[in-house]
Amino acid sequence: MKVIIRKDSSEASLWAAHYIAEKIKAKAARTDEPFVLGLCTGSTPLETYAELVRMVKAGELSFKNVISFNMDEYVGLPVEHPESYHSFMYTNLFNHIDEPEENIHILNGNAIDVEAECAEYERQIQLAGGFDLFLGGVGEDGHIAFNEPFSSLQSRTRAVTLTYDTRAVNSRFFGNDINQVPKLALTVGVATVLDSREVVILAFGHKKARALKDAIEGPISHYCTLSGLQNHPAGTIVCDELSVGELKVDSYRYFKAVEAAEA
């Protein structure tokens with residue numbers, strides 16, 4: 001596991017955007033196969049998406065040969081609802097880049113048969129060749145995607161019940177009314193994410209400090225699903241100074257030293 005620590009969320013977001021861009025361009029330089037990218041939602045990736053949009057508009061990057069899959073979606077929320085993850089992704093990324101519409105995949109939270117929808121999503125990921133890189137965030141309790149604490153580390157795309165804590169955190173997007181936050185969601189599984197050839201997780205702010213401590217220094221456990229990244233051969237956490245406030249000093253120094261040595 002690598003941990004990239006930047007002064008603030010803006011610097012960390014730019015690092016992540018340029019890292020993703022370089023990976024897309026590097027694959028394009030050696031093969032015609034598409035780059036398969038996992039994407040997340042929420043406030044955390046906004047600056048990363050903004051920089052990717054800037055690069056596309058400046059002609060520095062193209063998504064024409066990128067296939068993307070989003071990690072989750074609420075169940076029962078209309079696609080056109082401003083807080084659906086469909087709306088979020090088109091508003092903040094897809095409407096501004098050159099990724100073909102047919103290459104965009106987002107779980108259908110209004111599917112009549114959600115089990116079939118989840119199984120088909122997994123099949124489409126495999127047909128695309130699996131993820132080259134999965135960009136994710138982490139919840140305050142250490143969850144990735146909507147894999148809440150005590151989700152199996154072998155889990156796959158499925159319907160889940162959201163915890164009160166997750167709904168409370170997300171209520172800020174619903175007028176601070178937790179009753180407006182859906183109780184169910186569809187999500188890729190922990191194993192779906194960890195099957196990616198690379199995983200990049202963004203974590204910003206002091207509210208993520210305990211989650212990072214558990215994920216980086218704690219045991220691999222379904223209590224903190226991000227901790228599964230410890231077993232990944234190419235897992236990277238990109239974070240700011242506030243989010244690493246609970247790490248041991250020696251851990252902090254180690255990650256800083258590794259990055260400096262590789263620069």
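Which residues in H1 meet which residues in H2? The legends below address this contact and further close-up views of the predicted model.

**Figure 1. Overall view of the predicted protein chain****.** The protein chain contains eight helices and ten strands. Along the principal axes, its C-alpha atoms fill a box of roughly 50 × 45 × 35 Å. The radius of gyration is 17 Å, which agrees with the value near 18 Å for a compact globule of 263 residues. Of these 263 residues, 54% count as buried. Among the contacts with a separation of 6 or more, 77% are between residues 24 or more positions apart.

**Figure 2. Close-up of the packing of helix H1 on helix H2****.** Helix H1 spans residues 9–30 and helix H2 spans residues 46–57; their axes lie 8 Å apart, at an angle of about 50 degrees. Because of this angle, H1 is oblique to H2. The crossing of the two helices H1 and H2 is right-handed. On the H1 side, the residues in contact are Ser9, Ser10, Ser13, Leu14, Ala16, Ala17, His18, Ile20 and Ala21. On the H2 side, they are Glu47, Thr48, Glu51, Leu52, Arg54 and Met55. Sorted by class, the contact of H1 with H2 comprises seven nonpolar, five polar and three charged residues.

**Figure 3. Close-up of alanine 17 in helix H1****.** Alanine 17 has a relative accessibility of 0% and therefore counts as buried. Not counting residues up to four places away in sequence, alanine 17 touches Thr48, Glu51, Leu52 and Met55. Each of these four partners also appears among the residues of H2 that meet H1. Alanine 17 and methionine 55 are 38 residues apart along the chain, and their C-alpha atoms are separated by 9.2 Å.

**Figure 4. Close-up of glutamate 51 in helix H2****.** Is glutamate 51 buried or exposed? Its relative accessible area is 10%, so glutamate 51 is buried. Leaving aside neighbours within four places in sequence, the contacts of glutamate 51 are Leu14, Ala17 and His18. These three residues belong to the H1 side of the contact between H1 and H2. The view thus complements that of alanine 17, whose own contacts include Glu51.

**Figure 5. Close-up of the packing of helix H2 on helix H3****.** The axes of H2 and H3 come within 10 Å and cross at roughly 45 degrees. This angle makes H2 oblique to H3. Leu46, Tyr49 and Val53 of H2 form the contact with Phe88, Met89 and Asn92 of H3. By class, five residues of the contact of H2 with H3 are nonpolar, one is polar and none is charged.

**Figure 6. Close-up of the buried residues of helix H3****.** Helix H3 spans residues 85–92, and its buried residues are Tyr85, His86, Ser87, Phe88 and Met89. What covers the buried residues of H3 includes H2 and helix H5 (164–170). The cover also includes strand E2 (35–39), strand E3 (66–70) and strand E4 (72–74).

**Figure 7. Close-up of leucine 194 in helix H6****.** Helix H6 spans residues 190–194. With a relative accessible area of 21%, leucine 194 is partly exposed. Leaving out residues up to four places away in sequence, leucine 194 touches Gly228, Leu229 and His232. Leucine 194 and leucine 226 are 32 residues apart in sequence, with a C-alpha to C-alpha separation of 9.7 Å.

**Figure 8. Close-up of alanine 145, a residue with a positive phi****.** Alanine 145 lies in the loop between strand E6 (133–137) and strand E7 (158–161). Its phi is near 50 degrees, a positive value in a residue other than glycine. The relative accessible area of alanine 145 is 8%, so this loop residue is buried.

**Figure 9. Close-up of asparagine 176, with a positive phi****.** Where is asparagine 176 found? Asparagine 176 occupies the loop between H5 and strand E8 (184–187). Although asparagine 176 is not a glycine, its phi is positive, at about 60 degrees. With 61% relative accessibility, asparagine 176 counts as exposed, whereas alanine 145 is buried.

Technical notes
Residues are numbered from 1 along each chain as its sequence is written. This is a predicted model: local features need pLDDT of at least 70, side-chain atom pairs count only at pLDDT 80 or more; totals for chains, interfaces and linings use all residues. Side-chain values use heavy atoms; hydrogens and water are left out. Axes are lines fitted to C-alpha atoms, for helices over the stretch in contact, and angles run from 0 to 180 degrees between N-to-C directions. Angles under 35 degrees count as roughly parallel, over 145 as roughly antiparallel, 65 to 115 as roughly perpendicular and the rest as oblique. A crossing is left-handed if the near helix is turned anticlockwise from the far one by less than a right angle, and right-handed if clockwise. Contact means heavy atoms within 4.5 Å. Ala, Val, Leu, Ile, Met, Phe, Trp, Tyr, Cys and Pro count as nonpolar, Asp, Glu, Lys and Arg as charged, and the others, Gly among them, as polar. The radius of gyration is taken over C-alpha atoms; the globule rule is 2.2 Å times the number of residues to the power 0.38. Buried means under 20% relative accessible area, exposed over 50%, partly exposed in between (1.4 Å probe, protein chains only).
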